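Reader: I'm new to this one. Could you walk me through it, one question at a time?

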Amino acid sequence: MKSRLLALVLAALGPGLAAADSAAPAPNNYAHGDFGPPVGTPIHAVLTSPPLVPPPVNRFFPAKVIVELEVIEKEMPISEGVTYTFWTFGGTVPGSFIRVRQGDTVEFHLKNNPNNKMPHNIDLHGVTGPGGGAASSFTAPGHESQFTFKALNQGLYVYHCATAPVGMHVGNGMYGLILIEPPEGLAPVDHEYYVMQGDFYTTGKYREKGHQPFDMEKAIDEKPTYVVFNGGEGSLTGDKALAAKTNETVRIFVGNGGPNLVSSFHVIGEIFDTVRPEGGTVEQHNVQTTLVPAGGAAMVEFHTEVPGSYVLVDHSIFRAFNKGALAILKVDGPENKAIYSGKEVDSAYLGDRSAPNLAAVTKATEAAKAGKLTLEDQIKAGQQLFNGTCSVCHQASGEGLPGVFPPLAKSDFIAADPKRPIHIVLGGLNGKVTVNGKDYTSVMPPMSQLNDDEVANILTFVLNSWGNPGGHVDAAEVARARAEKAAPAAAH
């Protein structure tokens with residue numbers, strides 16, 4: 001059937017094209033996809049920003065494909081209230097998704113925006129030739145470079161900047177994916193998405209507000225501040241979450257820009273029906289977690305059965321919940337109790353990303369920066385942060401869990417000293433504590449992942465909720481308490 005369809009297509013395109021394609025050996029005979037010279041008029045590649053993917057190629061012949069990609073250095077959010085100067089391909093992290101066919105001749109144009117400060121180039125792992133195009137594409141700001149390559153090998157490949165210092169360019173977000181489709185194309189699916197992990201190194205700590213520069217020492221020591229999908233914490237959550245319906249097939253093109261870490265890619269609540277590890281042609285089936293090396297990629301596919309929020313994580317799990325490597329696929333549709341029966345509790349997994357968005361946190365951050373922070377701003381921001389950080393133990397109602405976690409609601413422990421919780425959040429609490437006449441013995445670890453603003457807003461929310469005495473905590477108080485806690489250690 002496929003051969004008859006090919007013959008019809010060739011006949012429709014003209015005798016010259018038919019002769020060119022009939023002269024080429026069958027694709028299965030070629031380990032490397034040199035199917036002859038390009039046929040027809042040149043095609044301008046459709047590039048997409050993440051998480052979108054260009055449409056399938058849908059061609060039965062090799063073509064000349066023109067790719068135009070611009071390097072843009074720009075400041076963007078990496079977390080709520082935190083900005084970073086990214087170096088990008090196409091203005092996004094990861095860079096634009098490129099999709100061609102095995103055997104295509106690709107004419108690549110790399111432009112370096114005149115407002116940029118640095119020279120850049122590109123190394124495409126799908127290129128056969130020294131440097132993957134890097135030497136041919138070194139481009140100063142305000143200039144354009146051009147080179148040509150033949151896409152010999154099918155697969156999913158990383159591209160990245162390879163200008164010295166290479167680690168810094170990659171660490172600032174200069175990476176993306178190029179898909180070289182097999183001649184017959186990929187099997188059709190309902191949704192295709194583009195997700196790429198990266199580790200980032202800032203001078204400030206995780207979620208420290210303001211603009212954060214790149215920290216070369218942390219990068220060399222491989223101690224990232226952030227590990228995120230698609231260039232920022234929360235980039236694929238809330239109203240930016242991926243979407244599907246039940247009884248659909250989803251394909252995710254997963255990449256890892258690094259520059260340092262290997263990803264343990266996992267979707268909580270799903271099993272990958274098919275995985276093409278390392279972006280190659282060998283398939284594995286029924287996979288729970290797949291490794292994606294730095295500078296590598298994978299294709300994963302699964303079928304959605306029941307509705308809910310499916311959480312994409314790096315299963316090196318502290319990276320997900322304490323550095324940002326977390327995304328959401330929201331699946332809508334009818335329930336199927338025969339497959340899964342149970343309630344969905346997003347907050348247990350999603351943390352403060354379980355809210356549709358963190359608008360109240362953003363508003364409070366901006367108000368504090370402008371010196372206009374109100375008690376209402378703090379309470380609303382604190383509630384969103386509490387729901388993700390504290391509610392699993394202390395419950396959304398503040399009632400805690402009997403005999404395990406003490407209540408925060410109508411708490412005589414808090415009322416006796418409303419500032420005491422600052423030191424508990426920063427330093428943790430271990431051992432017996434009596435609250436409202438009942439003893440509790442458990443362990444609360446220090447919430448060291450929270451910055452001063454977040455601690456202040458959470459505690460202000462607690463003080464003004466569930467019958468507690470009211471009041472507020474400001475970030476300066478938290479900063480002083482943090483400094484007092486650190487002082488004895490510094491003395492040693």
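Reader: Let's start with Ala243. Which strand does it lie in?

Author: Keep in mind that this is a predicted model. Ala243 sits within residues 242-245, and that run is strand β13.

Reader: And is Ala243 buried, partly exposed or exposed?

Author: Its relative accessibility comes to 39%. Buried would need under 20% and exposed over 50%, so Ala243 counts as partly exposed.

Reader: Which residues does Ala243 touch, leaving aside its neighbours within four places in sequence?

Author: One partner comes from well along the chain: Leu329 is 86 residues away in sequence, yet the two C-alpha atoms are separated by 5.5 Å. Counting the rest too, the contacts of Ala243 are His191, Tyr193, Leu329 and Lys330.

Reader: On to sheets. What is the order of the strands in the open sheet of 4 strands?

Author: The pairing in this sheet is mixed. Its edge strands, each pairing on one side only, are β4 and β6. Put in order, the sheet reads β4-β9-β8-β6.

Reader: How many bridges join β8 and β9?

Author: Strand β8 covers residues 155-160 and pairs with β9 in the antiparallel sense. Within this pair, Leu156 stands opposite Leu179 of β9. The number of bridges between β8 and β9 is 6.

Reader: Now charges. How far apart are the closest N and O atoms of Arg99 and Glu181?

Author: Side chains of opposite charge can pair when their charged atoms come close. Arg99 and Glu181 do form a salt bridge, with the closest N and O atoms 2.6 Å apart.

Reader: Why does that pair tie together separate parts of the chain?

Author: Arg99 belongs to strand β4 (residues 98-101) and Glu181 to strand β9 (residues 175-181), so the salt bridge joins parts of the chain that lie 82 residues apart in sequence. Both Arg99 and Glu181 are buried. They're also in a network of salt bridges, whose members are Arg99, Glu181, Glu192, Arg251 and Glu301.

Reader: Which residue forms a salt bridge with Glu454?

Author: The closest N and O atoms of this pair are 3.5 Å apart. Glu454 is in helix α12 (residues 452-463), while its partner is in the loop between β10 and β11, 247 residues away. Glu454 is buried at 3% relative accessible area, and the partner is buried too, at 7%. That partner is Arg207.

Reader: What about Glu477 and Lys419: which one is buried and which partly exposed?

Author: These two form a salt bridge, the closest N and O atoms being 3.0 Å apart. It links helix α13, home of Glu477, to the loop between α10 and α11, home of Lys419. Glu477 has a relative accessible area of 18%, so it is buried. At 33%, the partly exposed one is Lys419.

Reader: How many salt bridges does the structure hold?

Author: We've looked at a few pairs, among them Glu477 with Lys419. The total for the structure is 17.

Reader: Last one, on helices. How are α8 and α12 oriented to each other?

Author: They pack with their axes 7 Å apart and at an angle of about 100 degrees. The contact includes Leu385 and Phe386 of α8 along with Ile458 and Phe461 of α12, and by class it has 9 nonpolar, 5 polar and 1 charged residues. Angles of 65 to 115 degrees count as roughly perpendicular, so α8 and α12 are roughly perpendicular.

Technical notes:
Residues numbered from 1 in each chain as written. Predicted model: local features only at pLDDT ≥ 70, side-chain atom pairs only at ≥ 80, totals over all residues. Heavy atoms only, no water. Salt bridge = Lys/Arg side-chain N within 4 Å of Asp/Glu carboxyl O. Helix = DSSP H or I, 4+ residues; strand = E, 2+ residues; numbered from the N terminus. Buried < 20%, exposed > 50% of the residue type's maximum accessible area, 1.4 Å probe, protein only. Axes fitted to C-alpha atoms, helices over the stretch in contact; angles between N-to-C directions. Parallel < 35°, antiparallel > 145°, perpendicular 65-115°, else oblique. Contact = heavy atoms within 4.5 Å. Nonpolar A, V, L, I, M, F, W, Y, C, P; charged D, E, K, R; others polar. Pairing = 2+ DSSP bridges.
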